[in-house]
Each structure stands twice: as structure tokens, then as C-alpha cells.
Amino acid sequence: MAGGSGGRAQVWVELRADDPEAISAFAVARATLEAARGLSTLRRMRLLELSGPLPALAELEELLHRSTRFYHPQKERCVVRLAGGDAPPLAHGERAVLVTERGGERRPAAERWWLHETGERIEVHEGVAWLLGFDAEADADSAIADLVMLRDRRHGLLCNPHSQDSSVADREIPLPWMGAAVGR
Amino acid sequence: MTRARVAVVQFPGVNCESESALALERVGLEPEIFRWTRPAAELRAFHAYVLPGGFSYQDRVRAGALAAKGPLLDVLAEAAESMKPVLGICNGAQVLIEAGLVPGRGRVELALARNRMSGREGYYSRWIYARVEKSSCIFTRHLEPGALLPLPIAHGEGRFTSRTSGKLAALAKAGQAPLRYATASGEIARSFPDNPNGAQASVAAVCNAEGNVLAIMPHPERAQQLGSVPRSIAGPWAARRNSAQAAAAPGVDVTDEGPGLALFAGLARHLAEA
């Protein structure tokens, strides 16, 4: 039944409509944070990572489609990566930041559903991937550091380090990403 | 004598403004619902501030995260610095924590994280016992340490936590945790559901070092009437409610002062003395 990269799959879920959460985050960041001056776009995706005995891609996609434990196909679309070489759904120049709830990444209800439907035990982890686009002249690396990590009202927004972890991806998106080189 | 004016600050998505205003009125203060669309500078005219519960900005990014960045918080931060009282209830507490007004002066030192509950996840609502702790917090310092206030909680992100080990316990020791979750017999809660969200050190409320800014997760405004105290609650408040409902005690009525009104009374007392 193994189908993914060593029994792993990374699922990127995005709203089909404009995402109010990303729009609000973008507006607030631009209005209040110095580091957001060069920020030109901000998107948000739910990132799910499945590990265990997974089926081949077509069956995996069909299972994901069947339960809103993973995504709602009428409202959301999803892209599945099975190997590091598979392209993530990033636009040219976008940088990705993963934010997870420390100790709260597992999705037991999704795992139970999977076990019920397939008889297989897998692990499901979930986080939020923020995709940031910058103006050409912006120093993206330093801006990201200052935009992500909440320190005070004028610095940071996307991750409160007291309860969340964040990880900034280089050009390549790791697979798995969750639990890999998570910074605090 | 003119009554002290209290702004009940309403961000979009806040839904407890009316009962918060009613509680303020009941203790003799003059509340005014102050919506986010008004110029922030107008907030300066008030003597105190209440940030009620709800879901400001739909809890986008994190509960309280977006409201914490707005211009109203600039004025509230100034007010806090100048020792004006600020009370954040539930979502209001989340805003204060995300803004760094509690427990420090602008640096974010805590999070109100997703509940951690055995056998459950997500939003949770129940009545709990909040034990009054020794503190100089202006909202609770008139209350006897050890007293139990039955109060309702209703939240998905109410777990006081810090990545700094022992931070919440240190705040409690310093008198900056004026309310902690307890059992019906008054012991500090050790587990769910007495501690309903997994808060470190069973902390239910945190104030700043000066005691004029309080972030509280339970809803005192929903416990402002004696008749609100549910049958699941034991102790003296339940006895009073039972008397009122049975009309056994002349002069006791279900609309009498409930346990939650004590915090608003503390505010009124402070403003009268100031």
C-alpha cells in the first residue's frame, strides 16, 4: 500500500475564494509593521503531512477528497507532494514559512477516519504555511524574520513563540517539513 | 457626583459588549460601547476600559492577534502606562496578551494557546471555580484570598502558557495571577476539567506588575446575576441561589449580585478612591 516518499505525503490546501485571513494579515502587517514595507503578497495554506502506509497517488487523492477532515473540495483545492522533487504550489519568488501549534500538530480525528476507511494506521500532522512575496528591492530574509516572530506590537505577527513554532523554508520545501528543523 | 466613564471597546466580532456594559452600570459606572470605527484618540476621554469577549476579526491569524496591532491599542497602551484600569475578558484577554500589555510593558511574554484537554479538542464551555489569590490587582484586591468565584469559561484558545519554563508559576508567586482554577473544595486545580484548558500553573487571569491591567479568561459579566449560577456549582454561591429560587430568604432575588460582579465592583471601588 506504500505510495509516497517512504510512506509520506504533503498536502497543501488553499481556499478557492480569496482568503480573508490572509487578506487581513496582509493589511494589518502592511499598516503596522515596518518589516512589511516590502511585502507585496501574502497567502495562507493549510499544510497536512501524512505518514504511514499510504496508497498510490490516485487513491490517496480520492481518500483526501472524501472527508472534510482533510479538506472541503467545494471550498478548497489541494496539491499533493509525495517526494521532495514534486513542486509545491508556490508562485515565483514566494517564500514559505510554516507555523505549527507546539504539541498540537496531530489530527487524531483525521487519523481515526483514515483507520476506519482503510484499516491502516497513519499519522496526520497539520500546520499553516504562509507564502510571502516581496518587492524586488526588499531584503526578504531579514523582513521574514521580523514579520514572523511576535515580539511586541510593532514586530512580528504570524507566530507567537510562546505557543507556536515556525520554520522558514529555503528555496526547497522539505518533505516532511513538520518536525524538521523547527525553530523556536 | 459624576460617574466614572468606562469605554467598552468593541472590535468587529466582539459579542459580549452589552452584558459587559450592564455589569458596569450595575456597579455605578457609566459605560459606553466604543466601536472600532471611531477615532482612537476619543478613547483618551475615558477613565477605564473593558475589552469584552467574542471573536475579534474572526480570530484570524490567532485569537486577538489582529486587534492587538490596531490604533485603539496604541491609546490603551498609553492608558495602561498612566495607570488607568484596563480589563480584558476572554477575547479581550487574548488581545492584551498579544499586545504585550500583560504581564509586561509591551513585550509579548505569554500566549493564550489552544486548549489542551484530555479526550477533547477545540472549543470548550463550562462553569469553573476561580480561586482568588493574594494580589494588588485593582479588580480583585478587595476580595479575600482563597475565596472561590464560580464563573463560566467559553473558549478554544484559553491556555495561559509561556515558552519560559516556570514563567506562569513565577507570575503567580509575584501576585500577578489574581485568579487560578480550583476544585470545588478550593484546592488549585491539577487536571481537566477543573483546569479547563491546561493553563500552566492553573492560571485563569494575569495582571501587570502595577495591577491596573487584567487579562481574564473566565467571563465575570456572564455571572453578574445570582440566578446565572448553575446547579452544577456547589458552595456558598449555590446556597444563595437556592435560597433566592426557593424564595426561602426574604429579600434575596435571582437578579441579585452574582459572583462575577465582584470584579466590576473592584473597578468601581478603585475609581471612586482614585
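Helices, as I will use the word here, are DSSP runs of H or I with at least four residues, numbered from the N terminus, and with that settled I can start with the second helix of chain B. What you have in front of you is a predicted model, for which the predictor gives the complex an ipTM of 0.94 and a pTM of 0.95. Chain B averages a pLDDT of 96, with 99% of its residues scoring at least 70.

Helix H2 of chain B covers residues 71–81, and its buried residues are Leu72(B), Leu73(B), Val75(B), Leu76(B), Ala77(B), Ala79(B) and Ala80(B). Which elements do the buried residues of H2(B) pack against? Within chain B they pack against three strands from the earlier and middle parts of my list, namely E1 (5–10), E3 (48–51) and E4 (86–89), as well as against helix H3 (91–99) and strand E11 (213–216). After H2(B) comes Met83(B), and the phi of Met83(B) is positive, near 70°.

Let me stay with strand E1(B), since the helix brought us there. E1(B) pairs with strand E2 of chain B, residues 30–35, in the parallel sense and over 6 bridges, and within that pairing Val9(B) stands opposite Phe34(B) of E2(B). To get from E1(B) to E2(B), the chain passes through helix H1 of chain B, residues 17–26, and the resulting β-α-β crossover is right-handed.

Finally, the interface: 21 residues of chain B are in contact with 19 residues of chain A. Taken by class, the side of chain B that touches chain A consists of 11 nonpolar, 4 polar and 6 charged residues.

Definitions and conventions:
Residues numbered from 1 in each chain as written. Chains lettered and ligands numbered in written order. Predicted model: local features only at pLDDT ≥ 70, side-chain atom pairs only at ≥ 80, totals over all residues. Contact = placed C-beta atoms within 7 Å. Nonpolar A, V, L, I, M, F, W, Y, C, P; charged D, E, K, R; others polar. Buried ≥ 20, exposed ≤ 12 C-beta atoms within 10 Å, placed from the backbone. Helix = DSSP H or I, 4+ residues; strand = E, 2+ residues; numbered from the N terminus. pLDDT = per-residue confidence, 0-100. Pairing = 2+ DSSP bridges. Right-handed = clockwise from strand over helix to strand, strands pointing away.
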